[in-house]
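Visitor: I have a model open on my screen and would like to learn how to read it. Could you walk me through it, one feature at a time?

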Amino acid sequence: MDKKKGMTRREFLVTTGAATGAALVTASIGPFVHTTMAKGKTLRVCSYGGSYQESQRKAFFQPFADKFGVKIIEASGGDIARVKAQVDSKTYEWDVIDLETRHVARGELENLLEPIDTSVVDLSKIDKKAIRKCAVGNIFWTTSLAYNKKSLGGGKAAGSWADFWNVKKFPGPRALQDQAPFNLEFALIADGVPMEKLYPLDVDRAFKKLDQIKNNITVWWKNGAQQIQLLTSGEAAYGSAWNGRVNVAQKKGVPLKIVWQGGCLDLDWWCVPKGNPNKDLAMKFINFACSAKRQGEQMQKYIAYGPTNLDAFKYITPERAKELPSYPENLKKQFAMDADYWGPKLAPLTERWKTWMIS
Amino acid sequence: MKRNGTSSTGRTLALKPGLRYFLLVSPALVALLLLFAYPISIILIKSVFDPQFTLKHYIYFFTNSLYIRVMWITIEISVLTTLTSLVVGYILAYVLRRARPGIRNIFLMAILLSFMISLLVRNYSWILVLQRNGAINILLTYFGLIDHPLKLLHNKFGVVVGMTHIFIPYIAFPIYSVMMGMDLNLEKAAQNLGATRWQTFWRVSFPLSLPGIGAGALLVFIMALGFFITPALLGGRKEQMISNLIQIQVVDLLNWPFASAMSAILLVVTLIIFFIYNRYLGAERLWGGVKI
């Protein structure tokens, strides 16, 4: 799910592009392409578009292009299915790609990504949670409980997942995302499981807890635009939401509030498709984009996500830092999503989730 | 065609009408083969090789209750929206047929215009109209007709409204084109012979418009089977469509063989319905009757 983009959704792009030949679709329709500088070598980067990619353009793409005389060609809306299409056919459209955790985990399982070249990418200052064999974390982002102060009518606001489940004490329509990941964790936290003992998930217990609230969830949201629209319009008083989106809405004056307690900390990752001939330049870019200064500039000025380089906070003011998911005070209230648990479990648990949804 | 010796060429063409027609349709044929036959055969092949020949994906589909049930939900929603689109589309076509040309053109333009608006925008517009604090609920509360907001969204009702809105042109245009070929004097003749308005409609106008209904309903039903954006945005917990599950298999789970098997099953279901339809309602004969 792209938590940063505006109205156009990559899931819908993929969907309307239909099941077959995702790569073909990209080639024929032509993705959104933005060129920064034209000189010497070329690097093709795919990210998630919108204000998120704009922040990357200002903090990474343009400075990298200027410094190394590289032409950067941008695309948006990547997923692991398209990476597979490129790796299988050995025709690479992207050299560096920004991917969500579930896509990275799947890509590693299916051997679709290049291992990170540690002789080029300096990992010494990178948060351990943001280091994988074939990927380096690029941002921290949070999915957590959010609400619209206006919808509560002056009542006390829910402050935890246990409160979210308590529909008598904290009334109001509720929204959750239509997917198993995050929701099973939230249910277990509401049921009293300590955050550090979530994984491996007690799936039966989670579904039993979800049964309690099933009919109180008015909306099961599908995409990033929807979650904020629901909270803004009052269709839902409480809902799970992505911190970056909530931050953008707050800046526009919508009285939304995010509850860090019980939030799920997740990452976006830089990856390189397996066998890509432009791998060396790609690794060089990843190293550049993960530097403290670059990330510091991105989070301070352009977007409210958490830097993965621990030194990046040196470049971020204390007031701004408090809004970010990896700010120490916020961090300790959250749990980290376990991608390796979900990698092999996503298929069976998605089936169980959908079966639970329709029954 | 080469034009060396007009008379002989003319004779050759006259002698071999089969070849001539074949050449005429060949561009369309090539396009069909490249754009439909080829990808569909790839999907069929993918669904039974993983990497050796296997039917396990088909067996899995039919032994897991989730997929059968979602397929059933898909068919149910498709039937429902086809019926609602038919009623609204028919009334629209009926009125347009009898409207003054100026008014008719304005309405036709409006319907055509709706094609140009993105599906997402149309879905979000319905959200604004139907939601708890949406236009309908605000109006009804204002006039004191309701105390609590009606639940119009995130349920089957919302899905049917949204899909019907999208499908109306697809069903109204075929019916309209058939009606345009209909002689309105027939209605006058029927009434002249003593038929009531109701009798005139059911025994003259309606039977004559059947070809349009047949073509439009089939088109809309088949489109509905593959739909999922509208059910995803306007539907609730239970409005899950089979194409949504296919997409998850393609994008998130990378299980392309199973996704291919699911697509093949959806295709077969569509074909079965088409053949039943053809057998009992004679789709071909109906299309033969379309006049523009």
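Guide: Gladly! Let's begin with strand pairing: two strands count as paired if DSSP finds at least two bridges between them. Please keep in mind that this is a predicted model.

Visitor: Which residue of β8(A) is the bridge partner of A:Ser144?

Guide: A:Ala241 is the partner of A:Ser144. That bridge belongs to a wider pairing, in which β5 (residues 136-148) of chain A and β8(A) run antiparallel and are joined by 5 bridges.

Visitor: Which strand pairs with β8(A) in the parallel sense?

Guide: That is β6 (residues 174-177) of chain A, with 2 bridges to β8(A). For a concrete pair, look at A:Ala175, whose bridge partner in β8(A) is A:Gly239.

Visitor: How should I think about the side chains along a strand?

Guide: As a general idea, side chains in a regular strand alternate between the two faces of the sheet. In β8(A), A:Tyr238, A:Ser240 and A:Trp242 point one way, while A:Gly239 and A:Ala241 point the other way.

Visitor: Are the residues of β8 of chain A mostly covered or uncovered?

Guide: Mostly covered: β8 spans residues 238-242 of chain A, and 5 of its 5 residues are buried. The residues pointing either way are all buried.

Visitor: Let's zoom out. What are the domains of chain A?

Guide: The assignment gives domain 1 as 10-140 + 266-336 and domain 2 as 142-265 + 341-358. Their C-alpha centres lie 27 Å apart.

Visitor: How many residues are in contact between domain 1 and domain 2 of chain A?

Guide: In chain A, 18 residues of domain 1 are in contact with 19 residues of domain 2. On the domain 1 side, α5 (101-109) and β10 (335-336) of chain A each supply at least two residues. The largest share of that side comes from α5(A), with 4 residues. By type, the domain 1 side divides into 9 nonpolar, 3 polar and 6 charged residues.

Visitor: Now the other chain. How many helices and strands does chain B have?

Guide: Chain B has 14 helices and 0 strands. To judge its overall form, you can set its radius of gyration against that of a compact globule: for 292 residues the globule would be near 19 Å, but chain B has 24 Å. The C-alpha trace of chain B spans about 85 × 70 × 35 Å along its principal axes, and 31% of its residues count as buried.

Visitor: Where do the chains meet, and how do I read that?

Guide: The size of an interface is often given as the accessible area lost when the parts come together. Here we can go by contacts: 32 residues of chain B are in contact with 28 residues of chain A. The elements of chain B that give two or more residues to its side are α2 (17-48), α4 (65-98), α11 (229-234), α12 (242-252) and α13 (256-281). Of these, α12(B) provides the largest share, 7 residues. The chain B side divides into 17 nonpolar, 10 polar and 5 charged residues.

Visitor: One last check. What pLDDT does chain A average?

Guide: Chain A averages 88, and 89% of the residues score at least 70. Over residues 1-39 of chain A, though, the pLDDT is below 50, and this stretch has 78 contacts in the model beyond near neighbours in sequence. Where pLDDT is low, the predicted coordinates should not be read in detail.

Methods:
Residues numbered from 1 in each chain as written. Chains lettered and ligands numbered in written order. Predicted model: local features only at pLDDT ≥ 70, side-chain atom pairs only at ≥ 80, totals over all residues. Contact = placed C-beta atoms within 7 Å. Nonpolar A, V, L, I, M, F, W, Y, C, P; charged D, E, K, R; others polar. Rg over C-alpha atoms; globule rule 2.2 N^0.38 Å. Buried ≥ 20, exposed ≤ 12 C-beta atoms within 10 Å, placed from the backbone. Domains from an automatic or database assignment. pLDDT = per-residue confidence, 0-100.
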